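Thanks for coming. I will put the structure up and then go through a few places in it, one at a time.

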Amino acid sequence: MEAIGNIVSLLFFPGGLFVIFAGLMYEWLDHKIIARSQNRIGPRWFQPIADAIKLLTKEEIVPDGVNPVLFAILPLIALAGALTAALYVPMAGLKPAYSFAGDLIVTVYMLSLLTLSIGLAGANAKERFSLVGSTRALTQLFAYEAPFLLALLGPAIAAGSWQISEIVAYTETHTWMMILQPIGFVVALIGLMGKLELPPFDSPEAETEIVAGALTEYSGRGLAIFHLGKGAELIIGLTLITAFYMGGVSNPVWFLVKTVGLLAVLAALQSLMTRLRIDQTVGMWWRYGALLVLLQWLIIVVVQLV
Amino acid sequence: MNITQEWNDILDKVKTWARVNSPWLIHYNSGSCNGCDIEILATLTPRYDAERLGVKLQGSPRHADVLVCTGPVTMQSRDRLQRIYDQMPDPKFVVAVGSCAISGGAFQGCYNVIGHIDEVIPVDAYIPGCPPRPEAIIDGLVKLLTAIKTGAPIQTEKPEELLDVV
């Protein structure tokens, strides 16, 4: 019986198919909101699904000069990392499938696997645009990762635990962390945008400068799997931030309402702002993001001591 | 009719459906006067919003399904056009936009012009006009997609009357 439960949680819910499908739907919603704010009609609801199936059935070209094993395995590592992270978060307002002390750290690093894989994939190809893209992706990783992690640890310190289920139990019974720790919330939200390489942090894949960034040489299957991984990461990141900062996700309805609301904020920010240069991104994170989060930590610690 | 056969038919249907609903373009100007290029960009702007048909402009030929070509092929751009076509993964389609891409247009017989697009790469759909309006470009794209959907032979003969339009 336990084995069946494990297989279901790995392949269907909350890992596997559910996260992939929900990620595609959230991606559509994101594109639709951006399209509506640009006065367009926007894509149809099945657009990301059609894109994914089309890419999966296309020919995959392995370019000269790459390591073919790495070329094939990096997208899989990226998707596997994102799906593993889904097992430890309260997906759809239900309890996490697995839980242990300190799983917050594991989840955050599982989510970074995607960016790391994209960076390695770009460095693997002998092509200048991929190389520039991968350098930028890895630079951006070092810029947002520390502030993002620190921002997620704010509620953890308030709850006195680094276990996601315990933090969620704490945030559900207290005032929204968004009000108590506004700086942490803003940094976490912007950190998620940096993680997903959404505008204004899309310089790693800036199509007006470096074609398609690190994934320029990917076609067909590899590109599709990277896209699926990004969709999965979108929904996991939204779940983490709503669970920590917006009063928890106690049931599926609240989960849907809160994550979609947060996605609308993300989409509005995306359509409002233009792309930052990579040095501006790094400067912003380390000059303001990291310092503000440390200030937030100081306030939490002082309040807890007093 | 056994089960494998039926299963393959269903898979083919899903593949065709996905292909028809998500044409990603790459745009190449092989020597045009930029008139057609402006119209193609106008097609992608919010007023005509080609994204509602799933159309997306891609930077990399590796990501694209449809190569949208404008202009006659000059001697310099022949190799580039050929290389972009070779870099695209199968299945790939080519759309020639504008009179010059169809017949050489106003540049017919120039010393540095090889001719029209299908002297270099096979073309699947022709969109006449000098330049074609965005509506005409969307119409041509929809005709290409319909041909993919119904499985009709896409590599049609170039309409003879278009050759005389200069």
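Where does Val211(A) lie? Val211(A) lies in the loop between helix 9 and helix 10 of chain A; helices here are DSSP runs of H or I of at least four residues, strands are runs of E of at least two, and both are numbered from the N terminus.

Before going on, the ground rules. This is a predicted model, in which local features need pLDDT of at least 70 and side-chain atom pairs count only at pLDDT 80 or more, while totals for chains, interfaces and linings use all residues. Residues are numbered from 1 along each chain as its sequence is written, and chains are lettered from A and ligands numbered from 1 in the order in which they are written.

On confidence, the model scores ipTM 0.80 and pTM 0.86. Chain B averages a pLDDT of 84, and 90% of the residues score at least 70; pLDDT is the predictor's confidence in each residue, from 0 to 100. Among the elements of chain B, strand 3, residues 66–70, has the highest mean pLDDT, 91, and helix 6, residues 160–164, has the lowest, 52.

Back to that loop in chain A. Val211(A) is not a glycine, yet its phi is positive, near 60°. Is Val211(A) buried or exposed? Val211(A) counts as buried, because 23 C-beta neighbours fall inside 10 Å. The cut-offs, with C-beta atoms placed from the backbone, are 20 or more other C-beta atoms within 10 Å for buried, 12 or fewer for exposed, and partly exposed in between. Pro200(A) is also found in the loop between helix 9, residues 182–195, and helix 10. The peptide bond leading into it from Pro199(A) is cis, with omega near 5°.

Chain A has another positive phi to point out. Asn39(A), again not a glycine, has phi at about 65°. Asn39(A) sits in the loop between helix 2, residues 16–37, and helix 3 of chain A. Asn39(A) counts as exposed, because it has 9 C-beta neighbours inside 10 Å.

Now the packing around helix 10 of chain A. Helix 5, residues 103–124, packs with helix 10, residues 221–245, at an angle of about 150°, and their axes are 10 Å apart. Axes are lines fitted to C-alpha atoms, for helices over the stretch in contact, and angles run from 0 to 180 degrees between N-to-C directions. The angle makes helix 5 of chain A roughly antiparallel to helix 10 of chain A; the convention is under 35 degrees for roughly parallel, over 145 for roughly antiparallel, 65 to 115 for roughly perpendicular, and oblique for the rest. Helix 5 of chain A contributes Leu111(A), Leu114(A) and Ile118(A) to the contact, and the residues from helix 10 of chain A include Phe226(A), Lys230(A) and Glu233(A). Two residues are in contact if their C-beta atoms, placed from the backbone, lie within 7 Å. By type, the residues of this contact divide into 5 nonpolar, 2 polar and 2 charged. Nonpolar covers Ala, Val, Leu, Ile, Met, Phe, Trp, Tyr, Cys and Pro, charged covers Asp, Glu, Lys and Arg, and the others, Gly among them, are polar.

How do helix 2 and helix 10 of chain A cross, and within what distance do their axes come? They cross at roughly 85°, with the axes coming within 7 Å, and are therefore roughly perpendicular to each other. Val19(A), Gly23(A) and Glu27(A) are among the helix 2 residues of chain A that meet helix 10, where the partners include Leu228(A) and Ile235(A). This contact divides into 9 nonpolar, 2 polar and 1 charged.

Next, the two chains together. The contact takes 27 residues from chain A and 17 residues from chain B. On the chain A side, the largest share, 6 residues, comes from helix 3, residues 47–57. That side divides into 10 nonpolar, 8 polar and 9 charged.

Arg52(B) reaches across. Neighbours within four places in sequence aside, Arg52(B) is in contact with Ile41(A), Gly42(A), Pro43(A) and Arg44(A). Arg52(B) lies in the loop between helix 2, residues 35–44, and strand 2, residues 56–57, of chain B. Arg52(B) is partly exposed, because 14 other C-beta atoms lie within 10 Å.

Last, chain B also has a cis peptide bond, from Cys130(B) to Pro131(B), with omega near -10°. Pro131(B) is found in the loop between strand 7, residues 125–127, and helix 5, residues 134–150, of chain B.
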